[in-house]
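Student: Got a minute to walk through this model with me? I'd like to start with the helices.
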Amino acid sequence: MARTKKPKGSSRLAQMWQVFQMTRRYDKSVVGLLLLAFLLPTGAGVAAGLILSGGNVFTLVIWIVVGVMLGLLIGLIVLGRRAERAAYSQLEGQPGAVGAVMKSALKRSWIAEEMPVAINAKTKDAIYRAVGRGGVALIAEGPISRTQRLVDDEKRKTAKILPNVPITVLTVGPDEESVKLYKLGWQLTKIKPALTKSEVRVVSNRLASLGTNVPIPKGIDPYKVRPSRAR
């Protein structure tokens, strides 16, 4: 007997419901934010319709529909952002968390690898590298007090073969001044551009010649988990 295929619409709604449920478990404020995101544009649409319709029912309905559609759109955007943040919060503090989100968090203007370029096998602290218009970014994962030596070594090697390329260091860890995992991509976009697109590719190829110092210990396998995006 042939199986009855479920409509794509119902599948998409089921997926959105699962994303909402997951997000609500880690973000208690998401329900209130979604209500505001939906009700404010809808209310604005109703108010605009009452003021501007001039008693025309059709115009009033159009304004209400526009308000509802806008509310749904903003609600989906809010849900997507909060779901992404909730997904990152589940990885926060885990060894390899930075590598697990490097590909999904960074924009196409940055070239990054999921594998760290250096790692401390004992503490599992690691250094990741990204190359973009802002130059070279070294992302340290772990407490600043423990990752400083790894950062200095990697920075020295990078500066030796790329003396004129700016190097930015970011740390994702428990320290107060560290970057939150979900803000990593945003922090990279704040770096002032210093390279052209063609120069980014040249710099990336030069860095590939450095190789890595990654004696990955047993138990660290951050690359099987990636934060999911709401669709």
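Student: At what angle do H2 and H3 pack, and how far apart are their axes?
Tutor: Bear in mind that this is a predicted model. In it, helix H2, residues 30-52, packs against H3 at an angle of about 160°. The two axes lie 7 Å apart.
Student: Parallel or antiparallel, then?
Tutor: Roughly antiparallel, because angles over 145 degrees fall in that class.
Student: Which hand is the crossing of H2 and H3?
Tutor: The crossing is right-handed.
Student: And what residue classes make up the contact of H2 with H3?
Tutor: The contact has 19 nonpolar residues, six polar ones and one charged one.
Student: Which residues of H2 are buried?
Tutor: The buried residues of H2 are Val30, Leu34, Ala37, Pro41, Thr42, Gly45, Ala48 and Gly49.
Student: How does the span of H2 check out against its residue count?
Tutor: H2 has 23 residues. At 1.5 Å a residue, they should span 33 Å. The end C-alpha atoms of H2 are 33 Å apart, so the two values agree.
Student: Same check for H3: what span is expected, and what does the model give?
Tutor: H3 covers residues 57-91, which is 35 residues. The expected span is 51 Å. Its end C-alpha atoms are 51 Å apart, so that agrees too.
Student: What about the stretch after H2? What is the phi of Gly54?
Tutor: Gly54 sits just after H2 and takes a positive phi of about 65°.
Student: And at the start of H3, what does the side chain of Asn56 reach?
Tutor: A side-chain oxygen of Asn56 comes to within 2.9 Å of the backbone nitrogen of Phe58.
Student: Now Tyr88. Where is it, and is it buried or exposed?
Tutor: Tyr88 is in helix H3. It has a relative accessible area of 2%, so it counts as buried.
Student: How far is Tyr88 from Val98?
Tutor: They are 10 residues apart in sequence. C-alpha to C-alpha, the distance is 9.6 Å.
Student: Let me zoom out. How many helices and strands are there?
Tutor: The protein chain has seven helices and five strands. From the N terminus on, the order is α-α-α-α-β-β-β-β-α-β-α-α.
Student: What share of the chain is buried?
Tutor: Of the 231 residues in the protein chain, 39% are buried.
Student: Back to phi values. What is the phi of Lys124?
Tutor: Lys124 has a positive phi of about 70°, although it is not a glycine. Most residues other than glycine have a negative phi. Lys124 lies in the loop between strand S2 (118-119) and strand S3 (126-132). With a relative accessible area of 26%, Lys124 is partly exposed.
Student: Which element holds Ile161, and how accessible is it?
Tutor: Ile161 is in helix H5, residues 144-161. At 22% relative accessibility, Ile161 counts as partly exposed.
Student: How far is Ile161 from Arg206?
Tutor: The two are 45 residues apart in sequence, yet their C-alpha atoms are 7.6 Å apart in space.
Student: Last one: Ser178. Where does it sit?
Tutor: Ser178 is in the loop between strand S5 (167-172) and helix H6 (184-189). Its relative accessible area is 12%, so Ser178 is buried. Pro143 is 35 residues away along the chain, and the C-alpha atoms of Ser178 and Pro143 are separated by 8.5 Å.

Definitions and conventions: Residues are numbered from 1 along each chain as its sequence is written. This is a predicted model: local features need pLDDT of at least 70, side-chain atom pairs count only at pLDDT 80 or more; totals for chains, interfaces and linings use all residues. Side-chain values use heavy atoms; hydrogens and water are left out. Helices (H or I, at least four residues) and strands (E, at least two) are DSSP runs, numbered from the N terminus. The expected span of a helix is 1.5 Å times one less than its number of residues. A polar contact is a pair of N or O atoms within 3.5 Å; within protein, one must be able to donate a hydrogen and the other to accept it, and residues adjacent in sequence count only if both atoms are side-chain atoms. Axes are lines fitted to C-alpha atoms, for helices over the stretch in contact, and angles run from 0 to 180 degrees between N-to-C directions. Angles under 35 degrees count as roughly parallel, over 145 as roughly antiparallel, 65 to 115 as roughly perpendicular and the rest as oblique. A crossing is left-handed if the near helix is turned anticlockwise from the far one by less than a right angle, and right-handed if clockwise. Ala, Val, Leu, Ile, Met, Phe, Trp, Tyr, Cys and Pro count as nonpolar, Asp, Glu, Lys and Arg as charged, and the others, Gly among them, as polar. Buried means under 20% relative accessible area, exposed over 50%, partly exposed in between (1.4 Å probe, protein chains only).
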